[in-house]
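Biologist: Please take one part of this model and go through it slowly, with the cut-offs behind each term that you use.

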Amino acid sequence: MNINYLLNSLYLIKPEIAISATLVLLVLMDLIMGSNKKLLPYIAIAGLIAASYFSVEQFGMSSLAFVSKANKGMIVTDPFGAFFKGIVVFASFFVIYFSIKSDEIKASFERHGEYYTLIFGMILGMFFMISASDLILIYLSLELVSLSSYVLAGFTKTSQRNSEASLKYVIYGGVSSGIMLFGISILYGITGSTNLYEINSLIQTSSIPNLTFILSGILIFVGIGYKISAVPFHFWTPDVYEGAPITITAFLSVASKAAGFALLIRFIKITFIKSVDSAGYWQLVDIIDWKTFFIFLSIITMTLGNFAALWQDNMKRMLAYSSIAHAGYLLLGMAVLSNQGMIAIIIYFMVYAFMNLGAFFVVMLIANKIGTEDIDDYKGLGYSQPFLGVCLGIFLVSLTGLPPTAGFIGKLYIFIALVDAKMITLAVIALLNSVVSLYYYIRVLRNLFLTRPENGTFEFKVSFSNGLVLVLLAAPVIIFGLYFTPLINIAKSSIQILGF
Amino acid sequence: MTEFNLIQIAIAILFLPLVGFAFVLFLGKKIKSAYLVEVGILILTFLLTAVLLFNKLYWFADKNIVSEFSWISYKNIAVFGNISIDLGFLLDNLSVIMIFTVALISMLVHIFSIAYMAGDKLYNRYFAYLGLFTFSMSGIVLTHNILMMYVFWELVGISSYLLIGFWYEKKSAPDAGKKAFLVNRIGDIGMFSGIMMLFNTYHTFTFEKIFAQMASGTLPFNSEFWLTVTGLLLFCGAIGKSAQFPLHVWLPDAMEGPTPVSALIHAATMVAAGVFLVCRIFPMLTGDALFIIAVIGALSALIPATIALTQNDIKKVLAYSTVSQLGYMVMALGVGAYKFAFFHLITHAFFKACLFLGSGSVIHAMHHEQDITKMGGLKKKLPLTYATFLIASLALSGIPLTSGFLSKDGILQGTFAFGSLTGYWLFPAVGFVVAMLTAFYMFRLIILTFHGEPKNKEKYDHAHESPFVMAMPLVVLSALSIFIWYTPNPINADAGLFLGKWIKTPSLSVPQNARYSFMKTDLVPEGKAENNRDISNEVKKEGTAEGKEVIYSEAYTEAMHHAHYPAMFLSLFVALTGIVFAFVFYYWKKISADKLARDIKPFYKLSFNKWYFDEIYNATFVTFTMLSSRVLAWFDNTIVDGIVNGAATVTRMISFFTGRFDNIVVDGLVNLMAYLSGFIGLVLRRFQTGRVQTYIVLVVFSLVIILYLFKTF
C-alpha cells in the first residue's frame, strides 16, 4: 500500500482523528488516574471542542478521502457531513454534561472510564456513518455505534430493567445488522463494487436484475431503519429508551438518529440518483420506487408513534414513542426527494436537538430528585418547581409543533416542502398526526399545572449550572421560533452533498 | 456619528424601557425602590433620543435611514406565492421628532408620578406599566413596516387598558379600561383588514416598498376605488386610537386612570398615534379618502368642543378638548395640510400634557377633588401651577407668541385654502367655530378653577403647591409651549427649521386622477419656480428643478399664501372672542350677574345696551350651545352607545347558539375522535409485547410484506 494513500487523506478526517485520539486518551487517563475519575468528562469535553472545530472547518470542503485505483473513495467530506457532525457533537456536549449531573451514572462511579470511552466509540462510529461512501465502511460504522450502545444501554447493571433492555437491544440489533449485511452482499454480488459512487455509475449504464436489486435495497434499509427507529423496525426503541440510563436515551434519540438520517440521505442520494432538476427535485433511478416507499413508511411511522404514545405512563417511554413519531415527520422530508425536503430535514434536526435534549434533561433532573419518571407523579410539579415546569412546557409545546416555538418552524418547513411537491394529502395526514400528538404532550402539562400534588410538594432546588444549561436549551427554542432566518441560512448552506 | 450609530441608538431607545418593565415587574415586589430604575432608564432613554434627534436633523436631515432584516423569507411557495417579511427601523425626520416627544413627555410623566402616585400600594407595578407603554409607543414610531406597527399598536392598547384600570378596586376604572379596549378593537379590525389588503396586493408590509409599487401603478384589485377603501380601512385604526367620531366615546371614560397616565397616553402620545398613522400612510390616500377623513376630523373637532363647554370635571373638559384637537389634526390631514397637522400634533402634545399634569397638580392639592364648581381661587395657593396652566391654555386657545397659535393658524390656513380651491367652505367654518369654543371653555376652566372665591373652604385651606418633582415637568412643558422652539418669527411658522426644513409633505403614490385636483402634478417651469416666492414651502424645490413631480399645484401654493393673513387674523379674533366670552360669563358675572338683572330689571333694560348683550347671548348662544351640547351628549350616550350595545346583544345571542352547537355537535365529534384515537393506540400497543422474539418475527414478517408490495408497485 502506498503511504501517500494514507497521508493525503489524513487531513480530511481530522474530526475522526480528534475523536479517536480522545478515546485513546480517555482509556489511558482512566488507567493512570486510578480512582480519581472526575477529570474524565473534562477531557471528553476538550476532545469534543477539538472535534467541533475540525467539523466546522469541513463546511468549506468538498473532497473524497482514501481514493485508490480500486476505489473511488471511502469517506466524503462535504458541508452536509459537517452539519450532521456538528449536530452529533452538539448533542455529545450536552450528554456529557448530563452524565456529570446524573445520579444514575454517578452510582457506577468506578466504571466511568468505560462509560466515556464507549460514548466516544459511539461518536466515532456516527462520524463515519455520516461521511462513509463505501458499503463496507457503512456497515462497520453502524456496528461500531451499535456495539458501543449495547453496552451503554445496560451500563448501570444495578437494575434488572437495564440489563433486559441491553440484551433485547443486542439481539434485535444483531438480527437487523445481519439482514443489512445480507442486503450489502447481494448488492455487491450484482454490481461487483462496494463504493456507492461506482454502484451509481454502474446501475445507470448497465441493466440490473430488478427483483434482486429491490431486495438488496430494502434489506439494506432495514439496518438504517433500525437506527432511525422507523416503523416496522422500531420495536427495540420503547424498551431500550425506557431501560437505558436517561443520558444514553437522550443521546440515542438525538445523535444516533441524526447519524442514521445522514447515512440514509447519503445512501439514497449517491447510489440511486440520476439528476437534480432546476427546482431541486431528485430524479432517481427508477428500479426502486423510493418515493412510494418513504411515503408509506412515514405515514405508518408517525401514526404508530403518535397513537402508541397516547397510552404511555412513563415519561421516557412516552418520549420514545414521540421520537418514533418525529422520525416519521423527518421521513416526510425524505419522501419529497428534493433539496427543499433536505432543507426541511436539516432545520428539523437543529430544532429537534434543542427540544429533545431539553425534555430529557428536565426528566432527568426530576428523576434525580423524586426518583420517578411516571407522568402521574408529576402532578402539581409546576407549582412547586415553576422554572422546571415552564421549561418542560416550552419543550413539549415545541415538540407538538405549536408557535411561537422552534418546533413549529421545523414542522412548517416540512409542510412547505410537501405542499411545494403537491403532496397535499400527505401534509394533511401529518397535520392530523400533530393534533393527536397534542394530546399526550399536553397531558403532561396538565399534570404539571392543572392538578394539585397528591402527596406533598417537591422541595428541591435547581442548581445554578443546571438552570443555566436549561436556559441554554429553552431560550433558543423560543428565539428560533420567532427569528429563524439563521436556521434557514445554515440549512441552505448544508445541503451540498459531494458529487451532485 | 454614522447612520449605523443612529440605528444602534434607536435599538437602545426601543428596548431600554422594555428592560425597565421586566425589571420592575419581576423584582418590584422584592425591591421597594425598583421604580427608580425605571425612572433612571427613562431619563437615559430621553438623553438618547435627544442625541438621536440632534444627529439625525443636523447630519442627515434629508435622508431616511432604514435598517431592516429579513424575518421570514420563503420566496415563492407553490400555493401562497411570495411570502417574505422584513422587520426594521425607519428613521426619518417624522419619526425622530415624534420619538423625542414621546420620550420627553414619558420621562416627565415618570418624574411627576414619583410624587403623584406616592403611597399607592401598586406603586412599582405602575412604573412597570409605564415602561411597557413607552416601549410599545416607541415601536409604533420607529418601525418601517405596517405589520410591526400593528403589533405595537395592540401593545399600546394593552398598556392603555392596564393603566386605565389601574385602580381596579373602584368599579368604574376597570369598566373604563374595558370600554377603551373594546372600542379600539372596532377600529383595529378595520385596520387589520386594510393591512391584509395591502399584503395581498404588494406582498410586503414595508411602507416604502408599498408606496414604490403603488407609484408604478399596482393597485389593490387594480382599481382606485379599492385603493380608497384600503386607505379608509387603515384609517379605521386611527379612528379608534385617536378617538375620532364616532368612536370617541372611550376617551372621556379613560380619565378614570391616574392623571399622569391621562397626560402621557390619553393626551400627548398614544391618542396621537392615529394621527401619526395617517401621516405615515398619507402618500397612499386618494382624494376621496382624504375628503372622508376631513369630514370625520371636522365632526370630531366640533362635537367634543361643544360638549366640553358644559363639563364640570376638570379632566373631562381636557379629555373632550383632546378629542377636538385630534379632530383638528385629522381634518388638517384630510384637507392636505400635512405639515401643519404634524406640527399641531407635536405642539399639542406638549401643551396638553402640561394641562393634564397641571390638572393633576390641582387634583393633588385639592385631595382628589375634580369638580371645578367646587374649586376657585386657587391662583394664590398654586401660583406655579396657575402660571404654567395659563401658558398652556393660551397655547391651546391659539394666542400669539405660543406654539399653539402657529400650528392652529397653519391648520386654519390649510382649511381656508382648501375652501377657496374646492368651495367647501364648511371646513374653515368648523375650524374657526372650534377655535372659538376652545378658547371659551379653556378660560371658563381657568376662571372657575383658579379665580374667584374658593367654594370649598376646607379643601382650599389645605391646598398646597406641589413638590419640585411635580412642578419641574410643568415648567418644562409650558416652556415648550412658547413659539421660540419652532420658529424665530412668532407669526410665521414656515420661517423656522421645523416646517421649513425638517418636515416635508411626502410625495404621493396615488394615481393622478384619484387625487385632489390641487395635488395633481403640474410641471412648473424652472424659471417660474425661482421667481415664485417661497412662502409656503409646499413645493418641493429639488423636485421642481429636475422637472419631476410636485406635490401641490401652483394654485394651492397661491391659495395658501393668500389664506395666511386672513386666517391668522380671523383665528386670533375668534380666540380672543372666546376668551372674552369666558370672562364675561364667569369672571365678571358679579358685576353683571343675572341676580342683578332680576333685581333692577327696568334699569337693566334701559341703561346700557351692553346688558342686552348678556340677555341675548344667554337666550340664544348659551342656551343654544348648552342645548346642542346636551343633544350631542345625548346623541353620544343614547345613539352611539346604543348602537354599540345593540351590536353586543346580537353578538351574545349568536354566540349562545354557536355555543350550543359547539357543545353538542362539535364536542361530540371531537370526543368520538378522541375515543377512536385512544382505541387505535390500545390496539397498536399490543404489538409491543416486550418479548424480543416477537419483535424479530414481526420485523421479518413486515419485511416480507414490504417486498411483496414493492413488486406490485
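Modeller: What follows is a close look at one loop of chain A and at its surroundings.

This is a predicted model, in which local features need pLDDT of at least 70 and side-chain atom pairs count only at pLDDT 80 or more, while totals for chains, interfaces and linings use all residues. Residues are numbered from 1 along each chain as its sequence is written, and chains are lettered from A and ligands numbered from 1 in the order in which they are written.

The part I have chosen is the loop between helix 10 and helix 11 of chain A, where Ser229(A) is found; helices here are DSSP runs of H or I with at least four residues, strands are runs of E with at least two, and both are numbered from the N terminus. Most residues other than glycine have a negative phi, and most peptide bonds are trans. Ser229(A), although not a glycine, has a positive phi near 45°. This serine is buried, because 28 other C-beta atoms lie within 10 Å; buried calls for 20 or more other C-beta atoms within 10 Å of the residue's own, exposed for 12 or fewer, and partly exposed covers what lies in between, with C-beta atoms placed from the backbone. The loop between helix 10 and helix 11 of chain A also holds Pro232(A), and the peptide bond that leads from Val231(A) to Pro232(A) is cis, with omega near 10°.

The helices on either side of this loop meet other parts of the model. Helix 10 and helix 11 are among the elements of chain A against which the buried residues of helix 7 pack, and those buried residues include Ile138(A), Leu142(A), Val145(A) and Tyr150(A). Helix 7 of chain A itself, residues 135–153, has 19 residues and reaches 26 Å from its first C-alpha to its last, close to the 27 Å expected at 1.5 Å a residue, where the expected span is 1.5 Å times one less than the number of residues.

Turning to the partner chain, 29 residues of chain A are in contact with 27 residues of chain B, contact being C-beta atoms, placed from the backbone, that lie within 7 Å. Helix 10 (210–227) and helix 11 (236–243) are among the elements that give two or more residues to the side of chain A that touches chain B, although helix 13 gives the most, with five residues.

Key
Contact = placed C-beta atoms within 7 Å.
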